[in-house]
Amino acid sequence: GEEPLWVQCDRCAKWRLLLRGETVEEGGAAWFCAMNADERANSCDAPQVSACQDVCAAISRDMYYVEEIVDQRASKRRAGGW
């Protein structure tokens, strides 16, 4: 089966589940709620899907930690710690 595709709005940071068959451009192109084909979630004013809240919060938290670790390692390298 086809995996659900979640995308985060670059304006409001809400996560949206795309409709089956919908795709997004590879390579980091900006994506906004208004681009969503699902009329229930094609505005930044629409609430984030409740089923996503825990999962999306975990993803955001994990990405923060990954970025923090990368920054720490880069700082150590610059300081000659490695």
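Me: What is a salt bridge?
Reply: A salt bridge is a side-chain nitrogen of Lys or Arg within 4 Å of a carboxyl oxygen of Asp or Glu. Keep that cut-off in mind. The model here is predicted.

Me: What makes Asp38 and Arg40 a salt bridge?
Reply: Their closest N and O atoms are 3.0 Å apart. The cut-off is 4 Å, so the pair counts. By this rule the protein has one salt bridge.

Me: Are the two partners, Asp38 and Arg40, buried or exposed?
Reply: Asp38 has a relative accessible area of 12%. Buried means under 20%, so Asp38 is buried. Arg40 has a relative accessible area of 67%. Exposed means over 50%, so Arg40 is exposed.

Me: Why does Arg16 have no salt bridge?
Reply: Look at the nearest side chain of opposite charge. It belongs to Asp45, 8.1 Å away from Arg16. A salt bridge needs atoms within 4 Å, so Asp45 does not qualify. Arg16 is buried all the same.

Me: What lies around Arg16?
Reply: Arg16 sits in strand β2, residues 15-17. Leaving aside neighbours within four places in sequence, its contacts include Leu5, Trp6, Val7, Trp31 and Pro47. Ala46 is also one of them. The backbone oxygen of Ala46 lies 2.8 Å from a polar atom of the Arg16 side chain. A polar contact needs N or O atoms within 3.5 Å, so that distance is inside the limit.

Me: How many disulfides does a search of the whole structure find?
Reply: Zero. A disulfide is a covalent bond between the sulfur atoms of two cysteines.

Me: Why does Cys12 not form a bond with Cys44?
Reply: The sulfur of Cys44 is the closest cysteine sulfur to that of Cys12, at 3.6 Å. The cut-off is 2.5 Å, so the two are too far apart for a bond.

Me: What about Cys33?
Reply: Its closest cysteine sulfur is in Cys12, 3.7 Å away. That is too far for a bond, because the limit is 2.5 Å.

Me: Why is Cys33 called buried and Cys12 partly exposed?
Reply: Cys33 has a relative accessible area of 0%, so it falls under the 20% limit for buried. Cys12 comes to 25%. That value lies between 20% and 50%, so Cys12 is partly exposed.

Me: Which residues make up the largest nonpolar core?
Reply: There are five: Val7, Cys9, Leu18, Trp31 and Cys33. Cys9 is in contact with residues beyond four places in sequence, including Trp31 and Cys33.

Me: What makes Ala13 stand out?
Reply: Ala13 has a positive phi of about 70°, although it is not a glycine. It lies in the loop between β1 (6-8) and β2. Its relative accessibility is 41%, between 20% and 50%, so Ala13 counts as partly exposed.

Me: How do you know that Asp10 and Trp31 come together in space?
Reply: They are 21 residues apart in sequence, yet 5.8 Å apart in space, C-alpha to C-alpha. The side chain of Asp10 reaches the backbone nitrogen of Trp31 at 2.6 Å. The limit for a polar contact is 3.5 Å, so 2.6 Å falls within that distance. Asp10 is in the loop between β1 and β2.

Me: In what order do the elements of the protein run?
Reply: From the N terminus on, they run β-β-α. That is one helix and two strands. Buried residues make up 18% of the 82 residues.

How values were computed: Residues are numbered from 1 along each chain as its sequence is written. This is a predicted model: local features need pLDDT of at least 70, side-chain atom pairs count only at pLDDT 80 or more; totals for chains, interfaces and linings use all residues. Side-chain values use heavy atoms; hydrogens and water are left out. A nonpolar core is a set of buried Ala, Val, Leu, Ile, Met, Phe, Trp, Tyr and Cys residues joined through side-chain atoms within 4.5 Å. Buried means under 20% relative accessible area, exposed over 50%, partly exposed in between (1.4 Å probe, protein chains only). Contact means heavy atoms within 4.5 Å. Helices (H or I, at least four residues) and strands (E, at least two) are DSSP runs, numbered from the N terminus. Lys and Arg count as positive and Asp and Glu as negative; His and the chain ends are not counted. A polar contact is a pair of N or O atoms within 3.5 Å; within protein, one must be able to donate a hydrogen and the other to accept it, and residues adjacent in sequence count only if both atoms are side-chain atoms.
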